[in-house]
Amino acid sequence: MHEQLFLIILDMSVAASYVLVCVLGLRLLLRRAPRWVAYAAWLLVLFRLVSPVSFSAPFALLGNLRLPGTDRQMPAPAGISAGLGLADAPGTPLSPVMPAAPNTPLHVLPVAAWIWLAGLALLLGYALVTTIRVKHQTRLAQRLFDNVYESASVPSPFIFGLFRPRVFIPIGLGDCERSLVLRHERVHLKRLDHLVKPFAFAVLAVHWFNPLVWLAYRQMSLDMETSCDESVTRDMNRQERARYSETLVRLAVKQPVLAAGPLAFGESGTGTRIRNILNPKKPAIWITAAAVLALIIAAVLLLADPLRQPKVDDLVLPLLFEDQIERQGRENKAYLAANQDKLERIARYLEDTTDKFGTRPVPLSLQNMDLVRKITDAAIRQDLLDILSEGTVKAVLTGLDGGPHIKFYLKTGPNEYEQGFYHTKADRLDEAAVGKPGDPPYNQVQRYEKLDSHWFGFMRALADIRDADQYRQAAWAHMGPDGQKIVIGDWRDARVTLTDWEQVGKKLDDKNRPFVVLVQFRHKNEGMLGPIGLYLDSVTKKVVGIALLA
């Protein structure tokens with residue numbers, strides 16, 4: 001659990017680092033703009049540091065900046081293969097996947113995750129100790145009025161508290177100094193800076209391993225103070241500004257690198273703040289408007305996620321093989337061992353005579369006796385009729401993919417699984433596996449196991465598509481009353497598979513949606529025409545093609 005959380009944090013930190021660099025550049029461009037614009041720009045970095053998701057857009061600036069390997073995937077534990085005693089054939093579809101760290105070796109991940117947790121605990125512990133120390137330091141403070149307290153133990157004014165914030169000031173401030181200090185602190189309270197600062201430190205604690213986040217925290221704190229100074233001194237004359245600067249110098253405190261303490265009056269960049277106060281910039285209205293527009297554009301570009309290429313796993317649910325199927329697999333192996341001689345004779349005969357049937361592949365079953373009668377060898381024909389009549393083998397398929405593979409389909413009961421054996425002249429599993437790697441349907445899971453010389457066991461199943469019934473409903477509605485009348489069974493029985501747009505015979509304008517969902521209905525004329533197939537856009541669920549799948 002903590003490893004997966006660390007991967008998410010790492011990915012957010014990478015994305016935020018790019019945004020952070022852009023914000024630093026934006027601050028340079030907006031030097032003449034009001035300081036609150038620069039302060040507001042840090043919200044973009046903060047959002048990227050805390051949110052793993054955002055809206056997607058084709059104009060996302062991060063589209064070409066993500067770390068290579070962010071979307072890399074690694075296989076999940078092979079519980080399916082282990083349970084069945086089957087090996088994964090090279091190039092065959094695999095079962096569920098989980099995200100892996102960007103460019104992070106898997107054996108390093110657990111150690112890195114624990115180090116991250118240790119650093120997080122250390123920083124949060126430091127913040128807790130600091131809070132307790134400040135609370136103890138202010139326990140004897142005397143209330144002056146409202147939420148303002150005076151204490152001899154505080155060196156500089158600060159705000160302490162989240163939901164009931166209090167302003168603490170040192171004893172001995174003159175009326176003028178006190179007025180200036182309180183004006184500054186009230187601006188902080190009005191902008192809720194007393195909530196922003198501790199929240200930003202909590203985010204820093206989570207991303208402590210990223211040095212750019214430390215830089216962002218320091219710069220954000222400086223922009224927070226300079227923008228507050230700007231608000232307080234906006235209507236002051238030069239003499240009042242000088243007095244405000246003197247107060248700032250006298251009450252300045254040296255803030256430690258680990259700034260987990262309360263929001264203090266003189267805590268950040270005193271020299272920079274004084275220069276800004278004594279040399280005020282009053283930007284023209286058009287400059288402020290341009291700065292705000294630039295900030296809005298930057299927010300849209302930097303907060304948008306790139307349009308991600310959909311993956312099979314976005315649409316396909318994990319496939320679970322039931323105990324019944326595992327049991328059946330063992331029974332099927334036993335059947336092959338007991339009948340291997342007979343099956344071997346049939347397979348070798350069909351390998352040599354496939355071309356004589358005039359069609360490829362050749363489906364031999366009790367429902368297709370015309371082809372069975374084309375077997376001229378009476379003994380082989382009888383062997384085939386015997387195994388088909390026994391009920392374990394439901395069909396024999398020859399000439400698969402134009403090659404000499406003879407596949408024996410076994411009855412598996414009322415489920416979506418297909419099991420059996422195939423005989424091939426190949427000696428190795430990778431040579432024997434039929435079909436090209438990555439061929440649709442993409443929600444099909446296949447497992448192969450070498451059982452004996454030239455004999456391989458196979459199991460094939462269709463994993464469910466997410467929202468499969470929604471695709472069925474959309475296809476069913478498109479059929480209309482006339483089409484629905486010829487469908488056999490309930491619309492919920494329709495077969496749903498994931499394929500690609502090449503199967504539809506047309507190109508998709510939106511290249512970010514390469515997948516199409518095929519919904520197949522059985523109908524009264526299926527024996528002659530094959531099932532009715534409706535192709536639906538995987539995102540909009542609109543029908544984009546219709547075919548008879550003979």
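A477 is exposed, with a relative accessible area of 56%, in a model that is predicted. This residue, A477, belongs to helix α16, and its C-alpha atom is separated by 10.0 Å from that of W491, which lies 14 residues away along the chain.

Helix α16, which spans residues 468-485, also holds W476, while F521 is found in strand β15, residues 515-521, so that the pair formed by W476 and F521 ties together parts that are 45 residues apart in sequence. The ring centres of W476 and F521 are 5.8 Å apart and the ring planes stand at 50°, so this pair is described as tilted. F521 counts as buried because its relative accessibility is 2%, and buried here means under 20%. A contact of another kind involves Y471, since the charged end of K541 sits over the ring of Y471, at 4.9 Å from the centre of that ring.

**Aromatic residues**

A search of the whole structure finds 10 aromatic pairs. One of them joins W208 and F209, whose ring centres are 6.2 Å apart and whose planes meet at 80°, so the pair is edge-to-face. W208 is partly exposed, at 25% relative accessibility, and F209 is likewise partly exposed, with a relative accessible area of 27%. W208 and F209 belong to one aromatic cluster together with F6 and W116.

Within that cluster, is W116 buried or exposed? With a relative accessibility of 2%, W116 counts as buried, and its place is in helix α4, which covers residues 109-137. Leaving aside residues up to four places away in sequence, W116 touches H2, L5, F6 and I9 as well as V206, W208 and F209. The C-alpha atoms of W116 and H2 are separated by 9.5 Å, although these two residues are 114 residues apart along the chain.

**Packing of helices**

Two helix pairs can be described by the approach and crossing of their axes. For helix α1, residues 2-29, and helix α2, residues 35-50, the axes come within 8 Å and cross at roughly 170°, an angle that makes α1 roughly antiparallel to α2. On the α1 side the residues that meet α2 include M12, A16, V19, L20, V23 and L24, and on the α2 side the residues met include A38, A41, W42, V45 and L49.

In the other pair, helix α5, residues 175-190, and helix α8, residues 238-250, have axes that come within 10 Å and cross at roughly 85°, which makes α5 roughly perpendicular to α8. The contact is made by C176, E177, L180, V181 and H184 on the side of α5, and by R243, Y244, T247 and R250 on the side of α8.

**Cysteines and accessibility**

C176, one of the residues of α5 in that contact, counts as partly exposed, at 36% relative accessibility. C228, by contrast, is buried, with a relative accessible area of 0%. The structure holds 0 disulfides; such a bond would be a covalent one between the sulfur atoms of two cysteines.

The accessibility values of several residues discussed above are gathered here.

| Residue | Relative accessible area | Class |
|---|---|---|
| A477 | 56% | exposed |
| C176 | 36% | partly exposed |
| F209 | 27% | partly exposed |
| W208 | 25% | partly exposed |
| W116 | 2% | buried |
| F521 | 2% | buried |
| C228 | 0% | buried |

Note on methods. Residues numbered from 1 in each chain as written. Predicted model: local features only at pLDDT ≥ 70, side-chain atom pairs only at ≥ 80, totals over all residues. Heavy atoms only, no water. Disulfide = S-S within 2.5 Å. Buried < 20%, exposed > 50% of the residue type's maximum accessible area, 1.4 Å probe, protein only. Phe/Tyr/Trp six-rings, centres within 6.5 Å; stacked < 30°, edge-to-face > 60°. Helix = DSSP H or I, 4+ residues; strand = E, 2+ residues; numbered from the N terminus. Lys NZ or Arg CZ within 6 Å of the ring centre and 35° of its normal. Axes fitted to C-alpha atoms, helices over the stretch in contact; angles between N-to-C directions. Parallel < 35°, antiparallel > 145°, perpendicular 65-115°, else oblique. Contact = heavy atoms within 4.5 Å.
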